[in-house]
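The following exercises are meant to be worked through with the sequence and the model side by side. Please try each task before reading its solution.

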Amino acid sequence: MEKNKKVVLSGIRPTGDLHLGNYFGALANYIKMQDEYNCYFMVADLHSLTTHPDTAELKKNVFGVLAIYLACGLDPQKVSLYCQSQLRQTGELYLYLNMMSYKGELEKTVTFKEKARQHPDNINAGLLTYPVLMATDILIHRALYVPVGKDQEQHLEMTRTFANRFNHRYGEVFPAPYAFNFNKELIKVPGLNGEGKMSKSTNESATIFLTDEDEAIRKKIKKAKTDSGPTEPNSIKPDYIENLFQLMNLVSAPNAVIAYNEKFNNAAIRYGEMKEQLAEDMVQFVAPIRQKIKDIANDESYLIRVIKDGAEKASESAEKTLGEVRRAIGVNYTG
Ligand code: TYM
């Protein structure tokens, strides 16, 4: 890893197939960052244990995310690709950071409240300290930039709080990291139904997965809610129409988006036609990624090699940070 490059870290939980939100919120930025920065990208398997205690599918899912990283274009020669649980220093830094994060601030986290509502029978301490583990992932490499979607913004704010608190208490060890997107704004890819964000766990029919077959994509888009169209020129788009335009923006040619916007503004749009165009553009976008995922996922020995190498590189960087952390706190009694 080159010394003078800025450090980047990010990760994705192996809790289900990855979708267009993961791609445009996170992966697309990872790929663009790999030449310019010192990048660490991991599969956040420990985070998945906070809500998915059943580990029967865990290995398959970890390798699935890894295959997607590679299929989308991450080059293991340039970046460190590893699995969170394999970086043993994580446990130690997490423990120190837990000593300086407070119950009140953790309970206020939006994702904690949301997940506690979704899993009322399993509100475990790991769920409460989820942002501390995420801060650990970032601070362990002293990363500056964290490519994530909008839903992770609050976690980044908390990471900065923990880093500043540590520096204030024990001396300067951590830089303050920031959420990153090449388009400046963090993005939220909407679901096909126009309700909230596209997500791994809620409403499969509103989510386009990177592993979806052509016909599945066409069917989902065909079923997306529309209406009979605006009755007046320059109307405001309802959420369930706005989302289709946003998705088109991501995968279609700019000309197509302009043309459909004009039709909408002239109250002359036919949504059936627009959805057909969106479906074909989506198929064109997803099909080559899907094929590469399949090819790579079949090569388990390659995947094992990649995460072993990645863990080695990550461990070197983590050990350096932990050395400074132990010294700063004063738990290095033997020199
Ligand atoms: P996860 O697995 O929920 O999501 C992975 C990444 O995908 C982004 N994302 C979206 N972006 C835009 N629109 C959407 N609809 C959408 N859905 C998901 C997320 O913002 C994220 O960037 N806590 C993290 C995993 C993690 C992590 C980290 C990330 C663990 N440690 C350290 C960064 C740094 C998570 O649950 O991601």
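**Exercise 1: A helix and its kink**

Task: In this predicted model, compare the end-to-end reach of helix α13 (residues 271-297) with its expected span, and find where α13 kinks.

Solution: Begin with the count, which is 27 residues for α13, and take the expected value of 39 Å at 1.5 Å a residue. The reach from the first C-alpha to the last is 37 Å, which is close to that expectation. Then follow the axis along α13, where a kink of about 30° lies at valine 286, shortly before proline 288.

**Exercise 2: The surroundings of the ligand**

Task: Establish which residues come nearest to the ligand, and which polar atoms lie beside its nitrogen and oxygen atoms.

Solution: Start from the 28 residues around the ligand, of which Tyr130, Asp137, Asp151, Val189 and Lys200 come nearest. Next, take the polar atoms one at a time: a polar side-chain atom of aspartate 137 lies 2.7 Å from a nitrogen atom of the ligand, while a side-chain N or O atom of asparagine 22 is 3.0 Å from a ligand oxygen atom. In glycine 21 it is a backbone N or O atom that lies 3.1 Å from a nitrogen atom of the ligand. The area completes the picture, since the ligand taken alone exposes 710 Å², and the protein buries 98% of that. Finally, the elements that give two or more residues to the shell around the ligand are β1 (7-12), α1 (20-33) and α8 (130-139).

**Exercise 3: Helix α1**

Task: Decide whether α1 is largely enclosed or open, and describe its span and its bend.

Solution: Consider burial to begin with: 13 of the 14 residues of α1 are buried, so this helix is largely enclosed by the rest of the structure. Its 14 residues should span 20 Å at 1.5 Å a residue, and the 19 Å between its end C-alpha atoms agrees with this. Along its course, α1 bends by about 40° at alanine 26.

**Exercise 4: Cysteines without a bond**

Task: Explain why cysteine 72 forms no bond with the closest cysteine sulfur.

Solution: A search of the whole structure finds zero disulfides. Cysteine 39 is accordingly in none, and the nearest cysteine sulfur to its own, that of cysteine 72, is 15 Å away. The criterion is that the two sulfur atoms lie within 2.5 Å, and the 15 Å from the sulfur of cysteine 72 to that of cysteine 39 is too far for a bond. As for their settings, cysteine 39 is buried with a relative accessible area of 0%, and cysteine 72 is buried with 11%.

**Exercise 5: Positive phi in two loops**

Task: For lysine 184 and alanine 267, state the phi angle, the loop and the exposure.

Solution: Lysine 184 has a positive phi of about 80° although it is not a glycine. This lysine is found in the loop between β5 (178-180) and α10 (214-223), and its relative accessible area of 75% makes it exposed. Alanine 267, also not a glycine, has a positive phi of about 55°. Its loop runs between α12 (254-265) and α13, and at 28% relative accessibility alanine 267 counts as partly exposed.

Notes. Residues are numbered from 1 along each chain as its sequence is written. This is a predicted model: local features need pLDDT of at least 70, side-chain atom pairs count only at pLDDT 80 or more; totals for chains, interfaces and linings use all residues. Side-chain values use heavy atoms; hydrogens and water are left out. Helices (H or I, at least four residues) and strands (E, at least two) are DSSP runs, numbered from the N terminus. The expected span of a helix is 1.5 Å times one less than its number of residues. The bend at a residue is the angle between axes fitted to the seven residues ending there and the seven starting there. Buried means under 20% relative accessible area, exposed over 50%, partly exposed in between (1.4 Å probe, protein chains only). A residue is near a molecule or strand if one of its heavy atoms lies within 4 Å of it. A polar contact is a pair of N or O atoms within 3.5 Å; within protein, one must be able to donate a hydrogen and the other to accept it, and residues adjacent in sequence count only if both atoms are side-chain atoms. Accessible areas come from the Shrake-Rupley method with a 1.4 Å probe; for residues, only the protein chains shown count as cover.
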